Structure formats: C-alpha cells, structure tokens
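Biologist: I would like to learn how to read the surroundings of a ligand and the way a protein is divided into domains. Could we work through one case together?

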Amino acid sequence: MTKQPIDSILIVGGGVCGLGVGWRLAQAGRPVTVLERREIGPGSLPAATWASAGMLAPHVEAEPGEEKLLPLLLESHARWPAFARELQEASGVDVGYRTEGTLVVALDRDQAERLRFQYEFQRSLGLELVWLSGDAARQREPHLSRHVVAALYSPHDHQVDNRQALLALRQAFLAAGGVLRERATVAEILVGNGEVQGVRLASGETLHAPVVVIAAGAWSATLPGLPPEAQPPVRPVKGQMLALQTPPNAPLLRHVVWGRDVYLVPRKDGRLLVGATVEEKGFDAQLTAGGVYQLLRRAWELLPGIDEAPLIELWAGLRPGSRDDAPILGATSVQGLILATGHYRNGILLAPITADAVSHLILTGETPESIRSFGIERFHR
Ligand SMILES: Cc1cc2nc3c(=O)[nH]c(=O)nc-3n(C[C@H](O)[C@H](O)[C@H](O)COP(=O)(O)OP(=O)(O)OC[C@H]3O[C@@H](n4cnc5c(N)ncnc54)[C@H](O)[C@@H]3O)c2cc1C
C-alpha cells in the first residue's frame, strides 16, 4: 500500500476532464494525483481529447431534444476565453483559441431547406445566427465551392487547439503541484463499506485515498470494482478524422465550416482538420477506407481547393457517449467516488465548467447548481 496524504485525491484518466479537475484541485493546494495509462500526447489515441476537433460550438450544434443540455454548454462556452487566458499564462503554451466564428453551408436546395429549419430552431432558442446567401458566404470564405447556395454564420462558435490545450493542462497541473503518473493503468477501484478506498494499479501497487474521480472517458464504465449503481452508462462512439496541410500564410479557410456530415477546422499552423465519422463500433478504433473516403469526398465538395493539399495525418478517437448524450458529473452513492465523464461530442467545450464544478464539489462538498441535473442518479429514476 503506497502511503498518500490523508486528504489526497486520485483521478483516473489524463484527458481534458481529468487534468482540468486536477489542475483546479492542485491550484487549491490539495494533494492530487492523475493516473493515466498512456503518455499524454499522440500516444494517448484513441483517447478523445487528442482526437478531437476542438470546436466550441454550442450554437450551431444545438439540436432538438438537447434543450436541457444547452444552458450548461453556453455557460462553459462563456468561461472559455478566461479559461484559455489563464491556462496560457499558467503553462506558457498557446492553446490556439480562435474567434472567427463558424459557417454552416448548404450545397443544394434540399440542404438549404434543412438549414433553414435548423436556423429557425436555433433562433427560437435565442441563439445569435445570421442567414447568408451563397455569395455572401463566399465573400467570407472565397475558396468555398460555387455550389454553396446558402449558409448560417455563427459569430460566437469558436475553436481551440485541443492538443495544445491538453499539453497546456498537463503543464499547468504540474506547475500547480499536481502529481502525474503516466503509464499507470488503474486495474480496480477499491470500494468497501460504502466508501471508496483507493485504486489498485495493473502493476499491483495499491494507492489509498478517500476521494477518487472517474475521468476515464469512453473506458469509464469498464473499470473493475465499480458497484453497478456507480457505474456510469458510457459507451465508446468512434470518430475518424484526418488533417491536410495548407500554407499557414495563405490558408484555404479562416472560419470553421460545417457541411452535411463533415466539418473543416483550420488551425493557425495551416493544418486543416476534416472530421468526423460517428460510429458505434465498440472499442474498435481502426481507420477504414469507407470512413476516410466519405470525409475526403464531402470535404472536397465544400472546398475543391483541397485537391492538391498534402494529407498529413489520419486518426480515430473514441467519444465517451452517455445514454442521453449529456455528461455525467458529480457524486455517486459510494462516499468519495466522483464522476466526470460521458461528455460525448462536447468534452472540450465543457472543459471549463467540468473543471470548476467538479473541483468545487470536492473542495466544499456542495454540488453547484449548474451540474445538479447531470448526476448519475438521473439514470436510476
Ligand atoms: C473525432 C472527435 C471529435 C471531437 N470533436 C469535438 C469538438 O469539436 N468539440 C468538443 O467539445 N468535443 C469534441 N469531441 C469530444 C471530446 O473530445 C471528448 O468529449 C473529451 O475529450 C472527453 O475527455 P475525457 O477526458 O473525458 O476523455 P479522454 O480524452 O478519452 O481521456 C480519458 C483518459 O483516460 C485514460 N484511461 C482509460 N482507462 C484508464 C485506466 N484504466 N487507467 C488509467 N487511465 C485510463 C485514457 O487513456 C484517456 O487518456 C470530439 C471527440 C472525437 C473522438
């Protein structure tokens, strides 16, 4: 049994959720250890944070049926500018926060009709969006296909470089005094007498702690030792993506652009991300010819200028999808066992509020109002 300080906290998973919560706890002076079975960075794939596109887009992504989730998304969205600044200052890493906004484009009349429906729904929620003609869209983005007949412009849907943000969180967490153990696989959550007692690592080492946070992304439900009532209903949802290189000084796009079943995200260094498939394939994270073909075909339809762009990376990641697509945040019926998982396709957007709210709960014992309806007990009613 490795001796830990009496009030120490263990966090399982070194993605945006685990490191975000860990950073806030370390800042508050609590002894906190993040346990990550891989190395944070490219080696963490298919973990979702490295695989992600980093869009902070609650407005254009608002869908019928997700009205309950929207206030949480908007609140986290509002926290991002300050979060990005603080993270940059604490880590010295530029997280690539960009505010040009997002365009959703239609390539034919069918798509324009659908877009009009989406526009009306999103406006009915009070979201600020502007309807553009095809020509007006091309004035904003001259390389868009001449087939674009209409578009939505969303000025407040921004983006961050999720990979830089993850590296920044790692750095900020360590600088605040957090302990990070990479290549440390949690093999069992130790629970006894209705309380969490710590974890056992695959190496056989046991770590004792009165608080354990489950932030293991798509793997959160598979951790041995979790009693059924504390097991978050989370499953992996695969997303394939790719990156093209465009000249940083003459990028093909400045805005994030959405089309039918595809989005394009331009980065400061000229990389143009093309994403993403949505597949229910369990823990299979293989790239497929069909997946990559569909992404390239749809991207090319929107932006024919990518024809000559070097294809520099292909990858797949596993989103932690919950039963209702909303995150699972807060306490469980096991004393000291806390959940920060199930963020599905919004984990980067939800990073600031997850970090703030879950750390607040651990530090004060109080669940903030903002996350009260996102506890695991909603699945037990
Ligand atoms: C293709 C794709 C595109 C996306 N695009 C966006 C987007 O544009 N905007 C947005 O907001 N969100 C997006 N998402 C979703 C977002 O990336 C996730 O919701 C978020 O990253 C989840 O973070 P996490 O920390 O919960 O999980 P992860 O990043 O998956 O981290 C979990 C970590 O736990 C570790 N782990 C698992 N089991 C163990 C164990 N037993 N012991 C120790 N460590 C363990 C894993 O190795 C992993 O590093 C996207 C996701 C994908 C896949």
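Biologist: Which classes of residue make up the shell around the ligand, and how many of each are there?

Modeller: Keeping in mind that this is a predicted model, the shell around the ligand is made up of 21 nonpolar, 17 polar and five charged residues. Altogether 43 residues surround the ligand, and the closest are Gly 13, Gly 15, Gly 217, Gly 239 and Gly 347. At least two residues of this shell come from each of α1 (16-27), α2 (48-51), β13 (234-245) and β17 (311-322).

Biologist: Where does the ligand lie with respect to the two domains, and why?

Modeller: The ligand lies between domain 1 (9-89 + 162-234 + 323-379) and domain 2 (102-157 + 235-321), because both of them give residues to the shell around it.

Biologist: How should I read the contact between the domains, and what does the side of domain 1 that touches domain 2 consist of?

Modeller: In general, the size of an interface is often given as the accessible area lost when the parts come together. Here we can count residues instead: 27 residues of domain 1 are in contact with 31 residues of domain 2. On the side of domain 1 that touches domain 2, the elements giving two or more residues are α2 and β3 (55-56), and α2 provides the largest share, three residues. By class, this side of domain 1 has 17 nonpolar, eight polar and two charged residues.

Biologist: Which residues touch the most other members of the largest nonpolar core?

Modeller: In this core of 120 residues, they are Val 12, Val 212, Val 213 and Leu 264, and the core draws at least three residues from each of domain 1 and domain 2.

Note on methods
Residues are numbered from 1 along each chain as its sequence is written. This is a predicted model: local features need pLDDT of at least 70, side-chain atom pairs count only at pLDDT 80 or more; totals for chains, interfaces and linings use all residues. A residue is near a molecule or strand if its C-beta atom, placed from the backbone, lies within 6 Å of it. Helices (H or I, at least four residues) and strands (E, at least two) are DSSP runs, numbered from the N terminus. Ala, Val, Leu, Ile, Met, Phe, Trp, Tyr, Cys and Pro count as nonpolar, Asp, Glu, Lys and Arg as charged, and the others, Gly among them, as polar. Domain bounds come from an automatic or database domain assignment. A nonpolar core is a set of buried Ala, Val, Leu, Ile, Met, Phe, Trp, Tyr and Cys residues joined through C-beta atoms within 7 Å. A residue is buried if 20 or more other C-beta atoms lie within 10 Å of its own, exposed if 12 or fewer, and partly exposed in between; C-beta atoms are placed from the backbone. Two residues are in contact if their C-beta atoms, placed from the backbone, lie within 7 Å.
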